[in-house]
Amino acid sequence: MTFLQALRYFAKEALVNMVRSWKVSLLAVATIATSLFLAGAFVLISGNLSEVVREWRGESKIVVYFAEGTDEVTQKTISGRAAEAGFVRAVELVDSETAQQRFATSFPSMAGLLEGWGDEPLPASLEIDIDWQAEGIDAWADTLREDPAVVMVDDDRDWLARLQTVILVLRGLGLIVGAILLLTAIFTIASVIRLTAYLYRDEIAVMRLVGATEFFIRGPFWAEGLFQGLLGGLSALLALAVGHTVVQRRYGDELIPSVLAESFLGPVEALALVALGGLAGFIGALVSLRRENLGQTGARREPKGGATAAE
Amino acid sequence: MIELYGVTKRYPGGQIGLLDVDLEIETGQLCFLTGPSGAGKTTFLELIYREQLPTEGQILVNGRNVSSLPPSKIPYLRRTIGVIFQDFRLIPRKTVFENVTYLLRILGVDAKTQKETAYETLRHVGLAHRMNAFPSQLSGGEQQRVAIARALINRPDILLADEPTGNLDPGLSEEILRLLLDIHREGTTIILATHDRGLIERVGQRVLTLDQGRLVGDRFVDGTWDLGATVDDATPSEPAIEDETDPEVETEPPPAEEAAEEDEA
């Protein structure tokens, strides 16, 4: 029998086995689908958060606030000095008046707060767009802070770094939970395959009797594990897609859900999820049959204690 | 050719399956293997198709030492040996055709050849018309004939039959026996384990007698049947007579040490 013929035979036998023992097969598929759904959900959420952080990082700036009463010459001098750094892409001088206008535009309900605050309720500032990947930004920001005309240097990187850490923790947690659940799924599939092999032990003994090789006997069980895993992976992907669509349609206007469900898994990630299911199923089948003698022949188990004769 | 040299099989706990058996069975020979329950008949057959390993001694099948055969080679040995059992051991969820052609599928034989070979083999056992039936839809005799067809599908050199008529009524037993004789006439070596002395009396041929694992009898017996008759032209004969103690078969005395043991007892 050629390898292709054997694969076709394995696939056919595996499908027949799955249909015949559909309840236990369903259990195995559901277990693997649940674990992959949870792992996939963590990957999806952390991926979307990472994307948002990346966008925010691209838009974030370093803002240098001047002390009250700093004259224009000093502001321009500091602006020019800041712009000398190679990683600075642009520097914009925002005077007190412009800052007030922006505040009033952004928070119209709170615009009244600034009335009666004095001449300069909001200080003049420099908004500096930089290349965040560059080195030496910290030292450069420190020199700005040391200037007596500067009261504060606001660096968005601090909170973005904290958010990034949260995302990493979230992703790590997802992977750990996913891995534990996946292990559970592997053991479930292993048990299902072992049970199937036990149910077919007489048939397997006949296969051995007529001269079937181990590859030929075990192949259908390996294929069954693989199919159950792939089905589990596909079910998880489908459930994720449905969940994602529901969240987007129902809660698309709300900040947190819209951020968390910004986009779906990419094709590579989706394929990886299904493949991971298949791999888990296959490993489950391998593990379950590794030490299984499947009604072994050739060195048959001896009766315990010699209580009965072989005949 | 099957050769056994000093073959002993001991089970854990010390129980004896076979004890120091030396034997040669020529190619194309028909041998009856007889003896009471527990005598070692099944052990004898299982050692030949490497279901079990001997504790001591060597077994050669067509010149190949099956005792030292690595497990990966066992399937290839089995493909040259057909085995049939009292309980048929058919796969219930597969049709007659699928049961019979299982080995051909393993061997990668194309579908057309599978069909042709299955038809030819099933016709040989008189079941070509039941190709699509499931085992549960067949009578005991038909199931045994399917098992024989499965054993014959790859034209084995050797056919081992372990009480093949044990579950059948006398009429069906005779039918199966005549079928096995047909197969024997085509040159297949057959070892037929049975405790049905009636069958042995009718067929004759070489009779090996086992008792408590020892080979206590090895002789040729004349049968009452016309062995030239095939299964198709055989006339119904009398029912088989089961007689465990028929003295005619065991004409050779037991080995001296056994006789001595009996004397001591």
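What pattern does chain A follow, read along the sequence? The answer is α-α-β-α-β-α-β-α-β-α-α-α-α-α. That comes to 10 helices and four strands. Keep in mind that this is a predicted model. Chain A averages a pLDDT of 81, and 91% of its residues score at least 70.

Start with the strands. The four strands form an open sheet in the order β2-β3-β1-β4, with antiparallel pairing. In chain A, β2 (88–94) and β4 (150–155) stand at the edges. Each has a single partner strand, so one side of each is left without a neighbour in the sheet. From one strand to the next, the twist averages 15 degrees.

Now look at one pair inside this sheet. Strand β1 (residues 62–66) of chain A runs antiparallel to strand β3 (residues 125–130) of chain A, and four bridges join them. Find Val64(A): it stands opposite Leu126(A) in β3(A). A helix packs on the sheet as well. This is α5 (residues 137–146) of chain A, which touches β1, β3 and β4 of chain A. The direction of α5(A) makes about 155 degrees with that of β4(A).

Next, follow helix α6 (residues 157–199) of chain A. It has 43 residues. How far should they span? At 1.5 Å a residue, the expected span is 63 Å. The end C-alpha atoms are 61 Å apart, which agrees.

Which parts of α6(A) are buried? Among them are Gly178(A), Leu182(A), Ala185(A), Ile189(A), Ile193(A) and Ala197(A). An α-helix has 3.6 residues a turn, so residues three or four places apart point the same way. The buried residues of α6(A) pack against five helices of chain A: α1 (3–20), α2 (22–59), α7 (201–210), α8 and α10 (267–290).

Ile189(A) is a good residue to zoom in on. Leaving aside its neighbours within four places in sequence, Ile189(A) is in contact with Ala28(A), Ile32(A), Gly225(A), Gln228(A), Gly229(A), Gly281(A), Gly284(A) and Ala285(A). Ile189(A) also belongs to the largest nonpolar core, which has 112 residues. Within that core, Ile189(A) is among the residues with the most contacts, as are Leu33(B), Ala149(B), Leu160(B), Leu180(B) and Ile191(B). Helix α8 (residues 214–251) of chain A gives the most to this core, with 11 residues. A second, separate core has 14 residues, including Ile62(A), Val64(A), Ile78(A) and Ala124(A). In soluble globular proteins, nonpolar side chains tend to be buried together.

Helix α8 of chain A also holds Pro220(A). Is Pro220(A) buried or exposed? It has 26 C-beta neighbours inside 10 Å, so it counts as buried. Beyond four places in sequence, its contacts are Phe10(A), Glu13(A), Ala14(A) and Asn17(A). Take Asn17(A). It lies 203 residues from Pro220(A) in sequence, yet the two are 8.6 Å apart in space, C-alpha to C-alpha.

Step back to the whole chain. Of the contacts in chain A with a separation of 6 or more, 88% are between residues 24 or more positions apart. Buried residues make up 31% of the 311 residues.

Finally, where is confidence lowest and highest among these elements? In chain A, the lowest is helix α9 (residues 255–260), at a mean of 73, and the highest is α8(A), at 91. Over residues 297–311 of chain A, pLDDT stays under 50. The model has 39 contacts beyond four places in sequence for that stretch.

Definitions and conventions: Residues numbered from 1 in each chain as written. Chains lettered and ligands numbered in written order. Predicted model: local features only at pLDDT ≥ 70, side-chain atom pairs only at ≥ 80, totals over all residues. Core = buried A, V, L, I, M, F, W, Y, C linked by C-beta atoms within 7 Å. Buried ≥ 20, exposed ≤ 12 C-beta atoms within 10 Å, placed from the backbone. Helix = DSSP H or I, 4+ residues; strand = E, 2+ residues; numbered from the N terminus. Contact = placed C-beta atoms within 7 Å. Pairing = 2+ DSSP bridges. Axes fitted to C-alpha atoms, helices over the stretch in contact; angles between N-to-C directions. Expected span 1.5 Å × (residues − 1). pLDDT = per-residue confidence, 0-100.
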